Amino acid sequence: MSTKRWILCAFVFISCVLASSHRPLDENQLFVQDVLQSDGKDYCKPYGQIRDTCCDYQSVESIQSDTFSKIQALVQSKFFKYYKLNLWRECPFWNDDGLCMNRDCSVATTDESLLPEEWRQDALGALQMSPKGSAFQPFKVCTYKDQDFCVADDPSDQDVVYVNLLDNPERFTGYTGPSAGKVWQAIYEENCFNIVHKMSEGCPTCSAISPVPSNSPPLGPLLQDLAGPTGDDGDDEVCLEKRVYYRLISGLHSSISIHICDEYFDRTTGQWGPNLDCFVNRIGAHPERLQNIYFTYAVVLRAVTKLDDYLAQYPFQTGDVAEDEKTKILIHDLISSTKDCPATFDEKTMFQGADSRSLYVEFRDHFRNVSRIMDCVGCEKCRLWGKLQTTGLGTALKVLFAYEDKSLSYRSNPRLLNHNEVVALFNTFNRLSESLEAIQKFRKMYADRLAPPPQQRQLAQTVGDWLKWLLDGARTMAHKLIKLGQLPVPSFLDDPLEPLDPL
Ligand SMILES: Cc1cc2nc3c(=O)[nH]c(=O)nc-3n(C[C@H](O)[C@H](O)[C@H](O)COP(=O)(O)OP(=O)(O)OC[C@H]3O[C@@H](n4cnc5c(N)ncnc54)[C@H](O)[C@@H]3O)c2cc1C
């Protein structure tokens with residue numbers, strides 16, 4: 001080996017030792033590097049047109065950055081921070097395995113007496129009870145209309161509570177294993193048109209299924225099959241409507257996963273914070289999941305934009321006229337800033353074929369089922385956000401597909417959306433916006449991890465310079481001694497007269 005190579009190897013060796021002494025390359029890091037093969041700068045940054053939408057990834061990122069502070073302000077306002085739901089409805093599809101008992105799974109509910117009178121349960125109850133002594137029993141409220149994509153909780157139910165969303169952030173709770181797996185399985189396998197395997201064809205990262213928890217024999221084959229072949233209808237190409245459906249569900253799933261990773265609890269340090277390895281495993285290594293979240297954002301944004309006129313007339317009734325007015329301004333300001341851009345999704349392309357009516361009904365009924373499956377989520381906080389986000393997504397679908405444009409005005413259709421639907425839609429939009437924001441954070445963390453920290457780079461450089469100087473000196477000395485004829489020429493100095501190349 002020539003002297004130059006020795007020096008180079010020494011330099012590389014020292015850099016590696018320094019880098020690894022500070023941060024060992026663990027399995028996940030190697031996995032990150034193997035899978036993604038990027039220099040870190042553009043990690044998880046998709047380019048080009050988002051399939052089945054009218055926009056590209058860059059436009060979505062730019063709308064997101066223009067609107068982020070506005071949607072954040074909106075969801076902190078009085079009207080938008082409270083959500084009403086039944087957290088304890090029984091799972092209608094299978095016997096529940098019981099609720100997750102982790103502290104982080106629990107939800108703090110809000111004392112109704114602190115809320116505006118119009119929102120309170122007793123006000124609703126009074127409306128829906130029949131007079132005392134009447135032969136009629138309180139009627140069972142039908143919780144959905146033909147146009148609805150979700151089965152909502154019965155607002156007169158005694159178990160319905162208000163929750164302050166700001167006090168109960170969606171984040172890592174530790175809810176995992178058979179219960180969580182069964183819910184996702186029911187959503188994908190039974191309510192996703194049986195197309196999961198088709199959506200993952202030719203996509204190597206789609207088959208990277210997480211290991212199945214070993215303590216669940218009946219669920220053994222559960223997740224392994226998610227991306228594998230299932231009986232299908234034989235169509236080669238999945239139609240637009242089914243693709244859209246799958247992408248919305250997958251985008252929602254990605255968003256939930258990103259929030260888990262963004263607010264992760266590190267048991268060793270006892271700290272909450274972003275966990276890059278979690279993000280890489282759940283999202284970064286699966287580009288299609290990343291793309292689906294941009295897709296879902298584009299669809300929900302389109303629904304929000306279409307509601308501008310309707311919400312300008314909407315009675316927010318926060319119990320404070322000034323607050324009502326402030327809410328209207330915040331919404332208008334948010335929606336106006338999205339209107340500068342072309343529409344992100346063209347809902348008119350959907351349900352146009354020969355079988356459009358049956359496809360529409362199937363699409364809507366599958367989604368209604370997904371909203372009911374949320375009562376099977378075995379962790380209160382996950383259930384809260386699962387119910388809210390399926391209601392938000394269902395509201396977006398209703399706005400886009402169940403009504404003609406002319407019916408989206410408060411004057412012609414005041415009952416288009418109820419309180420909960422408006423709250424859910426905007427909070428879901430905020431969750432998706434936060435996910436896109438978190439992707440940028442993880443992109444930066446990834447780049448930082450691949451680059452050695454600045455002090456290490458500097459130290460490695462200094463040591464390298466010093467080593468080079470030492471070897472140069474030794475060689476000059478040896479050279480002089482050889483010239484004086486006092487030493488034989490050693491093999492490693494076979495190029496004695498050549499100067500060393502700079503490293
Ligand atoms: C409705 C709901 C809400 C939840 N909310 C929370 C929460 O707030 N906090 C919390 O800590 N946990 C929550 N969980 C649990 C969490 O989603 C995971 O189930 C759990 O962390 C275990 O993750 P996993 O890596 O095993 O894969 P999972 O996320 O459980 O995914 C199951 C399988 O689905 C496939 N898959 C994963 N992501 C996608 C995608 N984006 N698109 C298509 N296919 C995909 C993969 O094959 C994967 O193996 C929730 C679960 C549900 C069902």
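This is a working chat about a predicted model and its ligand shell, helices and core.

Biologist: Before I look, what kind of model is this, and how are residues numbered?

Modeller: The model is predicted, and local features need pLDDT of at least 70, side-chain atom pairs count only at pLDDT 80 or more, while totals for chains, interfaces and linings use all residues. Residues are numbered from 1 along each chain as its sequence is written.

Biologist: How many helices and strands does the protein have?

Modeller: There are 16 helices and 5 strands, taken as DSSP runs (H or I of at least four residues for helices, E of at least two for strands) and numbered from the N terminus.

Biologist: OK, the ligand: which residues come nearest?

Modeller: Of the 27 residues around the ligand, the nearest are Ala180, Val183, Ser250, Cys382 and Gly386, where being near requires a C-beta atom, placed from the backbone, within 6 Å. Two or more residues of this shell are given by each of α6 (178-190), α8 (240-262) and α14 (380-402), and α8 supplies the largest share, with 6 residues.

Biologist: And what is the shell like by class?

Modeller: It has 14 nonpolar, 9 polar and 4 charged residues; Ala, Val, Leu, Ile, Met, Phe, Trp, Tyr, Cys and Pro count as nonpolar, Asp, Glu, Lys and Arg as charged, and the others, Gly among them, as polar.

Biologist: Which residues does UniProt annotate as "binding site"?

Modeller: The unreviewed UniProt entry gives that annotation to Arg171, Thr173, Trp184, Ser250, His253 and Arg282, although such annotations may be inferred rather than shown by experiment.

Biologist: Where is Arg282, and why does it count as partly exposed?

Modeller: Arg282 lies in helix α9, and it is partly exposed because 19 other C-beta atoms lie within 10 Å, whereas 20 or more would make a residue buried and 12 or fewer exposed, with C-beta atoms placed from the backbone. Leaving aside neighbours within four places in sequence, Arg282 is in contact with Ser257 and Cys261, a contact being C-beta atoms within 7 Å.

Biologist: Which residues of α9 are buried, then?

Modeller: In α9 (residues 276-284) they are Leu276, Phe279, Val280, Ile283 and Gly284. Seen down the axis of α9, these buried residues fall within an arc of 110 degrees, so they line one face of the helix; the arc is that of the directions from the helix axis to the C-beta atoms.

Biologist: Changing topic, what does Ala303 touch?

Modeller: Not counting residues up to four places away in sequence, Ala303 touches Ala396, Val399, Leu400 and Leu425.

Methods
Two residues are in contact if their C-beta atoms, placed from the backbone, lie within 7 Å.
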